[in-house]
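New notebook page. I want to look at the pockets first and then at a couple of helices.

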Amino acid sequence: MLKEGDTAPVFSGRDGNGNIIGINDFKGRRLILYFYPKDNTPGCTAEACSLRDGYSQLKRLGYTILGVSPDKESSHLKFSEKNSLPFPLIADTEKEIATAYGVWGEKKFMGKTYMGIIRKTFIINENGIIEKIFDKVRTKDHAEQILENIKQ
């Protein structure tokens, strides 16, 4: 289980346009790496749109945003276009990135247990160190949640 102060695991994957993006692309920059279960679901859409709406402010503070879910590249492309997302989404269809970050695990919903993405956000500094982990993501105002933490 990753904790604050740990080195962020190295990863790479393809975005909706087929571009390979990895953590090494963000060396020297602050990264907001967020994991979400599925494109086009209410909670995931609310979270992505909150980050979209806060993007300019976060960017001015020196942060870049990258989303990860197990959806396919084509799904990410449609989701990004539909919601005008200004940041890339990585297709983690094999759950390798999610596993490395400890967000692929057992979930419960309506009495059923299944494996899935545990919604979580990691703030990674310019040296690749995890500064903050959000375990309880407020999907509708996640950007504000991150900004409140930055201001503290």
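Before sorting any lining by class, I fix my terms: Ala, Val, Leu, Ile, Met, Phe, Trp, Tyr, Cys and Pro count as nonpolar, Asp, Glu, Lys and Arg as charged, and the others, Gly among them, as polar. I also note that this is a predicted model.

Entry 1, second largest pocket. I looked up its volume and got about 170 Å³. Its lining has 14 residues, and Ile23, Asn24, Lys27, Asn127 and Gly128 are the closest to the centre. Sorted by class, I get six nonpolar, five polar and three charged residues.

Entry 2, largest pocket. I find about 220 Å³ of space here. Its lining includes Pro37, Pro70, Trp104 and Tyr114. Which strands each supply at least two lining residues? I find E6 (104-109) and E7 (112-117). The class count comes to seven nonpolar, one polar and two charged residues.

Entry 3, helix H2. In this helix, residues 73-83, I list His76, Phe79, Ser80 and Asn83 as buried. These four sit on the same side of H2, because they cover an arc of only 100 degrees around the axis. On the face turned away from that buried side I see Lys78, Glu81 and Lys82, which are exposed. For the cover over the buried residues, I note H1, strand E4 (63-69) and strand E5 (89-91), among others. Just after H2 comes Ser84, with a positive phi near 50 degrees.

Entry 4, helix H4. Its buried residues are His142, Ala143, Gln145, Ile146 and Leu147. What covers them includes helix H1 (42-60) and the strands E3 (30-35), E8 (120-124) and E9 (130-134).

Definitions and conventions
Residues numbered from 1 in each chain as written. Predicted model: local features only at pLDDT ≥ 70, side-chain atom pairs only at ≥ 80, totals over all residues. Heavy atoms only, no water. Buried < 20%, exposed > 50% of the residue type's maximum accessible area, 1.4 Å probe, protein only. Contact = heavy atoms within 4.5 Å. 1 Å grid on protein atoms, 1.4 Å probe; cavity = no way out; pocket = protein on both sides within 12 Å on 5 of 7 lines; lining within 4 Å. Points joined across faces, edges and corners; volume = space filled by probe spheres on them. Arc of directions from axis to C-beta.
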